[in-house]
Amino acid sequence: MALINVSTFKDGSVQFHLSNGKISYIMMPFYGKLLNLYVGAPLPDNNYTYLIENTFRVLANLPFEDGPGSEERLPKIEQLRQEFPEYGRGDYRIPAITVLQENGSRISDFQYMDYVIYDGKKKLEGLPSTYITDDSNAQTLEITLVDEVTGLWAILSYTIFSDIPLIAKSVRIEHHGQHSVQLQRIYSATFDLPDMQYNMSEFMGAWARERYIYTQPLHFGIQAIGSTRGASSHFSNPTAIFARPDTTQTHGQVFGISFIYSGNFDIHAEVDTYEQTRIQVGINALNFSWHLNSGEIFQSPEALLGFSEEGYNGLSNIFHRTVREHIINPYWSNHRHPILINNWEATYYDFTEESLLQLAATSNAQGVELFVLDDGWFGARMEDNAGLGDWQTNLKRLPSGIASLARKIHNLDMKFGLWFEPEMVNKQSNLYRSHPDWVLHTPNRGQSVHRYQYVLNFARQDVVDEIFTQIAAIIRQTNLDYIKWDMNRFITEAFDNTRCAALQGEVQHRYILGVYNLYERLLEAFPHLLIEGCASGGGRFDMGMLAYSPQIWTSDNTDAIERLYIQWGTSYMYPLATQGAHVSTVPNHQTGRIVPLATRAVVAFFGTFGYELDLNALSDLELEQVRMQIQIYKEYESLIREGRYYRLISPFSHDRAAWMCVSQDCRHAIVAEVSLAVHPNKANSRLQLEGLLERSMYCIRKVNFDSGSSHRYLEYGIRSGAELMRIGIQDSSLVERDYQATLFVIDSLD
Ligand code: GLA
């Protein structure tokens, strides 16, 4: 199937059209500059040269400002929609590249040279990126632009997938010249759109309040989100949505952007005076630079652009599919993640081997499959001020050793998992005592500390090697099944004492490459290992991390009501099955809120399900509920992992929240609603469903969470898909109390 069409017209001009019937992306070189003619809903092949901005707003007879060689009357470069805008040649918006040369100039002039097209997609060396399992499912176009003076080649890579409306874009800079240069900015993607009629949604937050959605119209000037913290962070997420103003969850044209990167990033939209919008995605240029000698290469991370005409839900399903089919390990796309118990909120640092085994045994008896021992099992860690960096058993706490505990857990027929924080060190550790210089710090300046910890210099290979050796030894000793990889502070004083002054701008990017390198080596050595990402909760929830850790701890906030907001926001760009979600105790440790056990389970079902409380403190009736919850989850898990997801009622604007998952064949669905505040004698309302077959008849059952009842499901009725979508479920059958949850399962009778 040809996904990329190249047309050559009579005047010799070339046009590239990437299309799979669901999206079109059209470009052409114009006087050497690669222009974007169109991106959006699919178009037939045609000559789209007329889409080049050709309004001669200025009477001056100057092409590209002072462009050499031609005095034809041409549109100005600053009015054109470009794929690789650059600094210093008349485009005064933010460039995609800035190159500092030996003579101090930052000007470049990348001219179109040629292109290649091939089936499939190459792996980006050292970086996470989308992958293809079958080369016939994607095509890649690589366009080479050349700056003659420096000898730099920019190879712009575009991959289109056969049946997803999404383009993956990255840039490789090859130095074919003689003199060293310094890249000071290199964006992975520029998307220039012809107008500014978009609302931009971003996912801002903080610890325990990750990825709340904020939406506002674009305005003149620059609107930016980003991170300079060394991690994508809780504060903003490397994703953004640009939607036409009338877009709803189900209707409207919408673009989604995601950056497959976990370090400092920048996503911005710049609206110019002609109301054109330039969207750019890349490594944050603040404190970034990269030295390139002749013969060297710099590979940018990958950015994704998805498009839907079916509103925000449509866009979410495009990104959910992309993550499932092209980013996370295919094994975990196709298998249920084990149901886990994590001891953190059950014990914090107050545990012994005996208490852990008791927790494991009780969990196991209810059907839990994986026991995760969180922080505190290693080094001299009695509390959070010591031990990071020493990944050997804390014999004071676990005198028989971690291998013995692992054996006992495995003997219960449970999987065993351990917490690590590989990138960090406490001063109270053997590692720090023997290598104080391994900490990121700037000479002659104080070292910032957070939670008593310092950041190891992962830009150094010897540091990564040491941590690999330590963790690999523990994995071997314990036959470890799972790792929770935490990262509990951001980077400060990013300085590498092994590198010269000119290379200091590379440290933060090299750091994250070191993190990726450790992930890759661990997974290569132990391919069956399941890694759950974490950074004080969801502080590094991005598609870069998902390439290695198919589930990420969504937030340290385990309150089910708070999770409605966090999981709602996270669901826009990330599949449910990637979002770690646990049933925790009440009153909740973060909020003090008391939420029914059934509601805590319903909310956690729509994520990677687990428990994080002392199950030994539950009553027999509660344990029976837990058993039932696990059975229900197992029954419907594949629907949640593989199905299409629909946000129905937003907790941000209502006193309830509702959502559903529908199987790909539309024959099965699971629907949840949770009440935030019940009002007596309230107005009527209905819950309209999505994604069903209009003409099919469905049997609707409500899950009965009451322990002690022999009826797990209560019949609600039989309705057509049309009724369920147009009329909906009557409010009277829904929630009746604050924080109460209702769960419906729906199966086609056809
Ligand atoms: C972070 C994590 C928690 C827990 C603690 C342990 O805060 O997000 O889940 O693992 O560290 O110290």
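**Notes on the ligand site, a helix pair and two backbone details**

1. Around the ligand there are 14 residues, of which Asp374, Asp375, Arg451, Lys484 and Asp556 come nearest (a residue is near a molecule or strand if one of its heavy atoms lies within 4 Å of it). This is a predicted model, where local features need pLDDT of at least 70, side-chain atom pairs count only at pLDDT 80 or more, and totals for chains, interfaces and linings use all residues. Residues are numbered from 1 along each chain as its sequence is written, and side-chain values use heavy atoms, with hydrogens and water left out.

2. By class, the shell around the ligand has 5 nonpolar, 3 polar and 6 charged residues. Here Ala, Val, Leu, Ile, Met, Phe, Trp, Tyr, Cys and Pro count as nonpolar, Asp, Glu, Lys and Arg as charged, and the others, Gly among them, as polar.

3. Now for the ligand's oxygen atoms. The side chain of Lys484 has an N or O atom 2.7 Å from a ligand oxygen, and for the side chain of Trp419 the distance is 3.0 Å. A polar side-chain atom of Trp553 lies 3.5 Å from an oxygen atom of the ligand. The protein buries 94% of the 310 Å² that the ligand exposes when taken alone (accessible areas come from the Shrake-Rupley method with a 1.4 Å probe).

4. Next, a helix pair. The axes of H4 (residues 353-366) and H12 (residues 620-642) come within 8 Å and cross at roughly 55 degrees, which makes H4 oblique to H12. Axes are lines fitted to C-alpha atoms, for helices over the stretch in contact, and angles run from 0 to 180 degrees between N-to-C directions. Angles under 35 degrees count as roughly parallel, over 145 as roughly antiparallel, 65 to 115 as roughly perpendicular and the rest as oblique.

5. In H4, Thr362, Ala365 and Gln366 meet Leu623, Val626, Arg627 and Ile630 of H12 (contact means heavy atoms within 4.5 Å).

6. Two backbone details deserve a look. Val586 and Pro587 are joined by a cis peptide bond, with omega about -10 degrees. Glu275, a residue other than glycine, has a positive phi near 65 degrees. Most residues other than glycine have a negative phi, and most peptide bonds are trans.

How values were computed: A polar contact is a pair of N or O atoms within 3.5 Å; within protein, one must be able to donate a hydrogen and the other to accept it, and residues adjacent in sequence count only if both atoms are side-chain atoms. Helices (H or I, at least four residues) and strands (E, at least two) are DSSP runs, numbered from the N terminus.
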